[in-house]
Amino acid sequence: MKLKKILGITGVALLGIGVLAACSSKSNTSGTTYGYVYSSDPETLDYITSNTGPTKSVVTNGVDGLMEADKYGNLVPSVAEDWSVSKDGLTYTYKIRKGIKWYTSEGEEYANVTAKDFVTGL
């Protein structure tokens with residue numbers, strides 16, 4: 001009986017290792033292909049109106065913010081190229097990089113990103 005348990009546990013462990021090895025992928029050196037499995041399809045790609053978890057996960061991966069965290073957790077510019085904070089700490093002013101564009105679902109340029117876009121998003 002003890003031998004059967006050991007063989008069973010060993011078999012499950014080897015099966016688990018095999019499944020994990022099959023799921024691994026080689027690193028992509030071109031940096032152009034990403035993969036992720038979501039729990040469900042998004043109901044919309046409009047990040048302003050979406051409010052469900054799966055939808056927010058999808059759309060937030062497709063839109064850059066003013067700032068982003070580097071690998072150490074420090075805030076660094078993303079769409080903003082510079083920012084300042086008022087002396088009273090109540091007003092934040094961001095300077096948006098030039099040449100940032102919105103694109104249609106077909107990949108065509110739609111419009112320039114403006115400060116109003118971020119105000120609308122907030």
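# Ser78 and its surroundings: a quick briefing

Let's start with Ser78: leaving out residues up to four places away in sequence, Ser78 touches Asp64, Gly65, Leu66, Met67, Glu68 and Arg97. What you're looking at is a predicted model, and its chain has three helices and six strands. Here's a tour, topic by topic.

**The chain as a whole**

- If you walk along from the N terminus, the elements come in the order α-α-β-β-β-β-β-β-α.
- The chain has 122 residues, and buried ones make up 11% of them.
- About 10500 Å² of the chain is exposed, with carbon and sulfur atoms supplying 58% of that area.
- Take the contacts between residues at least 6 apart in sequence: 14% of them join residues at least 24 apart.

**Around Ser78 and the nonpolar core**

- Back to Ser78 for a moment: you'll find Ser78 in the loop between β2 (75-77) and β3.
- Is Ser78 buried or exposed? Ser78 has a relative accessible area of 9%, so Ser78 counts as buried.
- The largest nonpolar core is made up of eight residues, and they are Leu66, Met67, Val79, Ala80, Ile96, Ile100, Val113 and Phe118.
- Leu66 and Met67 are core members, and both are also among the residues that Ser78 touches.
- Which residues does Phe118 contact, once its neighbours within four places in sequence are set aside? The list for Phe118 is Asp64, Gly65, Leu66, Val79, Ile96 and Val113.
- Asp64, Gly65 and Leu66 turn up in the contacts of Phe118, and they turn up in those of Ser78 too.

**The β3 and β4 hairpin**

- Strands β3 and β4 run antiparallel to each other and pair over five bridges.
- Two facing pairs are worth finding: Val85 sits opposite Tyr92 in β4, and Ser84 sits opposite Thr93 in β4.
- There are six residues between the two strands of this hairpin, and Gly89 takes a positive phi near 75°.
- A salt bridge links Lys95 and Glu81, whose closest N and O atoms are 3.1 Å apart.
- Because Lys95 lies in strand β4 (residues 92-96) and Glu81 in strand β3 (residues 80-85), the pair ties together parts that are 14 residues apart in sequence.
- Glu81 is partly exposed, at 39% relative accessibility.

**A nonpolar patch on the surface**

- Trp83, Val85, Tyr92 and Tyr94 make up a nonpolar patch on the surface, and together they have about 380 Å² of accessible area.
- Which elements give two or more residues to the patch? They are β3 and β4.
- Trp83 belongs to strand β3, and Trp83 is partly exposed, with a relative accessible area of 33%.
- Val85 and Tyr92 are both patch members, and they're also the pair that stand opposite each other across β3 and β4.

**The β5 and β6 hairpin**

- Strand β5 (residues 101-103) pairs with strand β6 (residues 109-112) in the antiparallel sense, over three bridges.
- Five residues separate the two strands of this hairpin, and Gly107 in the turn has a positive phi of about 85°.
- Lys101 stands opposite Asn112 in β6.
- How many salt bridges does the structure hold? There are two.
- Side chains of opposite charge can pair when their charged atoms come close.
- Lys101 forms a salt bridge with Glu109, and their closest N and O atoms are 3.8 Å apart.
- Lys101 is partly exposed, with a relative accessible area of 28%, whereas Glu109 is exposed at 53%.

**Asp46, in the loop between the helices**

- Where's Asp46? It's in the loop between α1 (2-23) and α2 (53-60).
- Asp46 has a relative accessible area of 33%, so Asp46 counts as partly exposed.
- From C-alpha to C-alpha, Asp46 and Thr60 are 10.0 Å apart in space, and they are 14 residues apart in sequence.

Conventions:
Residues are numbered from 1 along each chain as its sequence is written. This is a predicted model: local features need pLDDT of at least 70, side-chain atom pairs count only at pLDDT 80 or more; totals for chains, interfaces and linings use all residues. Side-chain values use heavy atoms; hydrogens and water are left out. Helices (H or I, at least four residues) and strands (E, at least two) are DSSP runs, numbered from the N terminus. Buried means under 20% relative accessible area, exposed over 50%, partly exposed in between (1.4 Å probe, protein chains only). Contact means heavy atoms within 4.5 Å. Accessible areas come from the Shrake-Rupley method with a 1.4 Å probe; for residues, only the protein chains shown count as cover. Two strands pair if DSSP finds at least two bridges between them. A salt bridge is a side-chain nitrogen of Lys or Arg within 4 Å of a carboxyl oxygen of Asp or Glu. A nonpolar core is a set of buried Ala, Val, Leu, Ile, Met, Phe, Trp, Tyr and Cys residues joined through side-chain atoms within 4.5 Å. Patches are made of residues with over 30% relative accessible area and no salt bridge: like charges are joined within 9 Å, nonpolar side chains (Val, Leu, Ile, Met, Phe, Trp, Tyr) within 5 Å.
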